[in-house]
Amino acid sequence: MSKTQVIVGLGSCGIAAGAGKTFEKISQLQSSESLDFELKKTSCVGMCYNEPLVEVIDESGSYLYGGVDEERAIQIIDKHIVNHEPVRELVVRSDLFETADKEFLDTQVKIALRNCGFIDPESIEEYEARQGYLSLKQIGGEGISQEEVIRTVLDSGLRGRGGGGFPTGMKWRFAFKNPSPEKYIICNADEGDPGAFMDRSLLEGDPHSVIEGMIIGAYAIGATSGVIYCRAEYPLAIKRLEIAIDQAREKGYLGKNIAGIQGFHFDMYIKEGAGAFVCGEETALIASVEGERGMPRKRPPFPAESGLWGKPTNINNVETWANIPWIIQHGAEAYAQYGTEKSKGTKVFALAGKIKRSGLVEVPMGITIRDIIFKLGGGIPQNKKFKAVQLGGPSGGCIPEYLADTIVDYDSVNATGAIMGSGGMVVMDETTCMVDVARFFLDFTQKESCGKCTFCRIGTKRMLEILTRITEGEGQEGDLELLQDLSEQIKDNSLCGLGQTAPNPVLTTIRYFRDEYEAHIRDKKCPAKVCKALLTYTIDPEKCTGCTVCAKKCPVDCISGERKQIHLIDQEACIRCGECYSRCRFEAILIQ
Amino acid sequence: MTEQLNIILNGKAIKGKAGESILELSRRFNVDIPTLCYDPRLDPYSSCFVCVVEVEGMRGLQPACSTRLAEGMKIWTENERVRKSRKSAIDLMVSNHYADCVAPCQQSCPAGVDVQGYISLIEKGMYKEAVEVIKETNPLPAVCGRVCVRPCELACRRKLLDEGAPVGIDYLKRFAADMDLASGDPYMPRMEAPTGKKVAIIGAGPGGLSAAFFLQKKGHQADIYEAAPAAGGWLRYGIPEYRLPNDVLQQEVDAITRMGANIYYNKKLGENLHYADLRKEYDALVLAIGSQKGTLLGAEGEEAEGVYSGIDFLKEMEVSGERKDFRGKKVAVVGGGNTAMDCCRTSVRCGADKVYVIYRRTEKEMPANPIEIHESKLEGIEYLFLTNPKKVNADENGRVKSVTCLKMELGAPDASGRRRPVPMEGSDFDIEVDIILAAIGQKTVADFLEDVNGSGVEGELKVNRWGDLDADSKTLQTGVASIFAAGDGVTGPATLIEAIGQAKLASHSCHLYLSGMEVKPPKAPFIISRDRFKEQKPDAYQGQFVPQEREEMPTLPAGERMNFKEVELGYAGEEVAKHETHRCLECGCSEYFECDLKRVAEAYEAEQTRYGGEFKEYQVDFRHPYIEIDNNKCILCGRCIRICKEVVGANALGFINRGFETYVAPAMGESLRDTHCESCGMCISTCPTAAITENFLFKPGPVKTDKDKTICHYCSVGCELELNHKNGFVMRVKGSNGLINKNTNICRYGKFGYQPYNQKDRITQPLLRDGDKWKEISFEEAFGIIADKVKAVKADENAFFAGARLTNEEQYMVQKLARAGARTNNAGSFHYLGRGEGYSQSSQQNVPLEALGKADQIWIMGTRIQDEHAVVGFEIQNARVKRGTRLGVISTEGITGLEHKSEDIVRINDYYHFLKAVNHYILSNGLENRMWLDSNEAGFEAYRDQLLEEDFDDHFERAGSCCVDHLLGFARDISKAESAVLVFSEKELTANAVIELHNLAMITGRLGKTANGIFALKEKNNSHGLHDMGLDPLLLPAGLSFREHKGFVAKTWGIDALPEKSSNLLSGLNDGIFRNIFIFGEDPVGCAIHKDEVQAWLEKADFLMVQDIFHNETTALADLILPASFGAEVEGSFTNAQRVIQQFSPALPPKIIFDGVAQLAGILKALGVNGITSPEEAREEIFRLLPQQGTAKASLKPTPGDDGTRLFDYGCDDLTRRFEMAFREAFA
């Protein structure tokens, strides 16, 4: 019988929540009290909302504890380890009994994330123990040809998980068919969408699955060199990748005649991105790897024809690569059993925004958005009304509540005007102003435009100015038409995806929330009460106690009233800063 | 054979080439697609999105520049969607283009006079050209320069500085016009061919005169009918002489009649002139009748005697020619305009005791010129502001005795923006006066309507409700299609400059009418204005410009004004005017005539404010002495960045920031000076706007220039240049599509080395030494002196030197002067003096410039290629970028300047021994190319045997510090490379080193193969010509062997025999053998490495003649100086280092009567040798001498050891020396 294991989740999210201290505490207790258990590390299992997470596996089974701060750690060690009494009220998941969060994990199908939260990402042995590098060995051992590998990937129906949704097998085939003796493989880990952290979690939690995927890809297309282009803002991911690459090299998974395949030489390195969002675009990414300013260029030629250093190059994103070993090992059919007719397998989403259980989930394609938000995500906090969900980050669009039964599938999502994207899912409730949301995303893309194309550089700036003006109550008749017209032109006249999709949040919000725009423009009102310039602050005479706090805090002295008298706001002078509202202890400030 | 693709372009089936872009295809088929970010020298980039087209089946629109053709593509280059998109792209760009296309002065001028343009010409002393610019839009500059109300000066941005004093625009205009009139040859516009159409103009005031001017220019016959006995209208009859002398006015009238316009006086329409008659004779009519009738006060009692309309008062004096006698009288002038000023100041001059000006507002609101008010005060005028006459009081005789006035106060602003005066109740007071002059307005009298309309004409001539002629405000066409109207008669009383502007418009419409075209307003040019972005305020200008006080107008002292002499005296001289021009801030864009953005904006009717919003403001960067960066005008096409990277290789520029904040800036450090910038100006050449321009040393205008082509006179590459000049003053230089520089590339010499053309200290006449001074003598006298000197000594005591800057024709003539004239073979050049014979074959079998782009390896020997022969460097860098060509540098310099753009640098001490060692290694290891050697019979065995006898180690040691691996690596690379070119600089390699380099090329089999062989870099544009033209005691022209061909040459020249003896010129100089030295176009003293030595040679001679463009250290020693011409001023040819002969015509007007060939012909004639008189004849004679057989086969030549050293820098040329000094100084 094996030793009791205590595993602490040490992904970025866990560390941010204090898992480092938790780990230290446990370790301290272990040595000071000479406790006999194995203390291990793992990464994020996806329940970011419950971090720090500590899993205890003893002979009875597995118990995942949530929100384990130092105090709780002492409690768990004391009760569970020393006294063998699991602290049931702190368990968020267990295979022994029902927990409130059971649904969160049970609804998921983990393929890309199969090892995240289950292994120590810094240990190649643990990866190998869970069938890691088996696919590669299988290819070598059984002499599976390049064409066969490509065929399997093609048959699995796997499509690019970076957002483009291009069939991965087809992309590989183009690169494979190019006779060039020199080819490259790139892993795009330049995750940049606000609210997205799929790649980070995957790289932190299971770097080897990505590396193995790349090695298989390299074999399939005939590449000799690989690059992982990772954001410099992901230091933990980079560190773990470095460790993993070294380990893989040591074990001969990288290098010469890999897996016993004669003539298959392949190695890879990490290139840290400088933080430009546009470098997620493949031609800009290639320019950046080459040491140039990350600026996209016109395609064709596609990278499969002329990519890094002018050589045929295959680029896939982190999640796509992580799926590869599983597909090779389990076969195309096993993968294709999940999903819809045209979108096979699973998809990882990062749930963020106004949602109870924010975190990382992997679901089979075909699940409805409503299920993701309500079954997995647990719905909206404080029982507010669900309004919309932003899919695909700044390149995507808003799907309104009434379309929440849309299934997750490339074509169904595209039909709404949003895009699948790389998996960012930002949930909004009734307190979100959709004009403000559009403005937020456009502000992002506008700032992240590389500045090359006229329409993207100046056009998005002009759109932003119009949106800002609308949220400031300066909207004019014709603004919506101007926005739509500019949007269409920007989409038509930009070299890369950034510009071509930048207007999407604006277009979808106009499409689904036109009345909200019109309220801003015509009635000078913000229905969600977010746009400050459009709010009117008044004092409820019923509630005002005349405490004078609001008057004292008002930066423009526009609130008058004697002590213990009902106060009054001078609407002419009010600058709508909201200071009074946040200061009033009697809820006497009304916002309209 | 390129693959052909079937393409449908705008519905037409055509063939495209595989790999071609839509833009390239369209250009091939003459389908115009606008673009801003494309430059054929660079890889397509696609950022501007102006070149978009629609391609069937492709999402969105496609940038034509980077979309490659595919089989079956259907392309539409011009449809509504495409046009809309292009316009939007341009609208977006101009919404963030914080700049002024034209200056506010020009924009505010009703006639649109190009102020900035003429100020720039005045700066250069080009007054006639300035008047030419003014007369584009204003035919009366001398008049306007005196009496214009100057809206330009109100708009002048200099007002934001120097305590609000604008540039003296009008003073400058007057100065230029007066200078032109005084020149004896005043400007006469070029007129179009006569059209046979005739136009009658009614009225010879400013409107009528201007209309006549503009119509004559268009080729129409303009006849003016004037009711008065003289021309000028109110200019003559309203403005007193002390402001506008009649003779000045008359000179400008005469300038118009000289153009062919007629003026018939004392003809008044409707009285003694009838429209019915005019109609028969003329095709159109322009009514420029003015506002003739003065109005009175509109106050009670104004019928009293002594109350006059001011304008009638002035006119009567002019007509009668008699001065009124106001002595002992008090005069009140009512009004605040310029007529009031003329009345009050005239009254003073008529002797009035007291003159009042009564004006109902304050001085601030007065429409009169402030200077007039100022002068009137000096002359003793008393002002009664906020005062209005209410009633004129007459005495018993009905004569004025006093006027009752009311005090006023200012109320709310009225329609004119001025505060309306309101009477103060009970403020009445009386002033005693004898005379009242009402200067408060005029009225149009159109009393000929019946005469016109009753003539049976179609349509109707009408007046509007103010009594002015009714005409379409946009075309000035009246109700009768053939009748146009302009000036005060249409607008009511206005200004001179408005009348001129109106006449221009009416003439334009009239011209369209006469040409049978639709009469429509001229298309307004697209103009971006900073004022439309935001109000311009002083703080943005202060500190950016040097403060400089305005040059005020000198005037007659107040005490000397009791007469009608002109009060304003004009600027005192050219220096004053020039100084004032420096105050011009040059608000308008220097690239106005060149800007691609403006061109497309105009074509697509772009709007600056359609996408108005935030715009970026940047400080202009002037820190680089030659290159100016103005990010305000940048459209981020990246062309500058790309050309600097892909072609120049300096990588000096880059993008900073992202999104809307993106801008272009020097890649490293703050200033371009801190980068690898080579100051080549290639960024300027590619900028489609004016974001990167030349940092001009003078005011560039901009003005319209002539564009003439010439061949660069600096290095030996032979680039064609386009000189943009105004009557010989070169404003800028651009690369042209030359025979050599096919892609328009030029370097800093060509681009910035044009200053000498504009220098004023040229030698233009022969100068004979007269003690310490120079005496100008005639050319004939000079030729005679030279001939006498030549004849006075023994033939071989004469020596002749020709410079490598001279044309082939000039060089040939110098040589002929020596051999046929002076009968000596002492003909040579300082350029090659003492440097052996090895260079004569430098140019043979050289690879063409474009072949560099096809080479696998290029090796440079002698390293300053990026400075001295940059265009070759561009070709090499581009090959590195496009083809991956490997560049190796072999250099004796520690820092080559090529570190950042080469693959390999081999540092050595000595080229000759390095090459010997390499050749030795190749031969001793059997690495030579036998195949080539066997088929070329190049004397291989002899060469090998001799070389292998020499000691490799010795050569290796003397070659210098490079390690053996480097040397051997080079030897192996050069033997094995598929294609390799050896580029070398004669300046740094000795003649024998060059021979060994040739030997290397031969033993490795590189000669005669594409993208293989030698590329020579010579110091001067026509260095090679010296060899070909026989400037060598041992060589005859065309490389003829002396021994074999001396008879043939003598016969061709028509002389008995050629001189036999050939001596060494260097020893001749050392030994002081030459009693006469004649130097044509070289500056051996100024360019000498050891000056004293060279100076001593020349001092040994009894007589030194030097021909050059400017005075220099060599001319300083001369006894006789001849003036020289620039290559760009003459006809002739240069032979470049590739031995390409390029013939050219004069690009600039000559500044010297006798050019080089003519001078030499003159000297030869004086020596009794007749014949050649022109470059063309010289060329013909050279061709007659050309050998019949082809060039001798290349053969290996052993060299005994290294030879002569270089004695001169700068190719021994004063011009090159000057540019290099100026360049160094600029960066110091």
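A residue counts as buried when its relative accessible area is under 20%, as exposed when that area is over 50%, and as partly exposed in between. The exercises below apply this to a predicted model.

**Exercise 1. Determine how strand S13 (residues 354-358) of chain B is placed, and which strands pair with S13(B).**

Step 1. Of the 5 residues of S13(B), 4 are buried, so the strand is largely enclosed by the rest of the structure.

Step 2. Strand S12 (residues 330-334) of chain B runs parallel to S13(B) and is joined to it by 5 bridges; within this pairing, Ala332(B) has Tyr356(B) as its bridge partner. Between S12(B) and S13(B) the chain passes through helix H14 (residues 338-349) of chain B, in a β-α-β crossover that is right-handed.

Step 3. Strand S14 (residues 382-384) of chain B is also parallel to S13(B), with 3 bridges between them, and here Tyr356(B) has Glu382(B) as its bridge partner. Together with helix H15 (residues 370-378) of chain B, S13(B) and S14(B) form a right-handed β-α-β unit.

**Exercise 2. Work out why Cys344(B) has no bond to the closest cysteine sulfur.**

Step 1. A disulfide requires two cysteine sulfur atoms within 2.5 Å, and a search of the whole structure finds 0 disulfides over all chains.

Step 2. For Cys344(B), the closest cysteine sulfur belongs to Cys343(B) and lies 7.7 Å away, which is too far for a bond. Cys344(B) is buried, its relative accessible area being 0%.

**Exercise 3. Describe the contact between chain B and chain A.**

Step 1. Chain B contributes 37 residues to the contact and chain A contributes 33 residues.

Step 2. The two chains bury about 2800 Å² between them, with 50% of this area on carbon and sulfur atoms.

Step 3. There are 5 salt bridges between chain B and chain A, one of which may be examined through its side chains: Glu614(B) meets Lys461(A) with an N to O distance of 2.7 Å.

**Exercise 4. Compare the surroundings of three salt-bridge pairs within the chains: Lys239(A) with Glu122(A), Asp342(B) with Arg243(B), and Arg805(B) with Asp1108(B).**

Step 1. In the pair of Lys239(A) and Glu122(A), the closest N and O atoms are 3.5 Å apart. Lys239(A) lies in helix H11 (residues 235-250) of chain A, whereas Glu122(A) lies in the loop between helices H4 and H5 of chain A, 117 residues apart. Lys239(A) is partly exposed at 42% relative accessible area, and Glu122(A) is partly exposed at 23%.

Step 2. Asp342(B) and Arg243(B) meet at 2.8 Å, N to O. Asp342(B) belongs to helix H14 of chain B and Arg243(B) to the loop between helices H10 and H11 of chain B, 99 residues apart. Asp342(B) is buried, with a relative accessible area of 3%, and Arg243(B) is buried at 8%.

Step 3. Arg805(B) and Asp1108(B) have their closest N and O atoms 3.1 Å apart. Because Arg805(B) sits in the loop between strand S31 and helix H27 of chain B, and Asp1108(B) in strand S39 of chain B, the pair ties together parts that are 303 residues apart in sequence. Arg805(B) counts as buried at 6% relative accessibility, as does Asp1108(B) at 0%.

Step 4. Salt bridges that share partners join Arg243(B) and Asp342(B) into one network, whose other members include Arg345(B), Glu372(B) and Arg561(B).

Technical notes: Residues are numbered from 1 along each chain as its sequence is written. Chains are lettered from A and ligands numbered from 1 in the order in which they are written. This is a predicted model: local features need pLDDT of at least 70, side-chain atom pairs count only at pLDDT 80 or more; totals for chains, interfaces and linings use all residues. Side-chain values use heavy atoms; hydrogens and water are left out. Buried means under 20% relative accessible area, exposed over 50%, partly exposed in between (1.4 Å probe, protein chains only). Helices (H or I, at least four residues) and strands (E, at least two) are DSSP runs, numbered from the N terminus. Two strands pair if DSSP finds at least two bridges between them. A crossover is right-handed if, with the strands pointing away from the viewer, the path from the first strand over the helix to the second runs clockwise. Contact means heavy atoms within 4.5 Å. Buried area is the accessible area (1.4 Å probe) that two parts lose on being put together, summed over both. A salt bridge is a side-chain nitrogen of Lys or Arg within 4 Å of a carboxyl oxygen of Asp or Glu.
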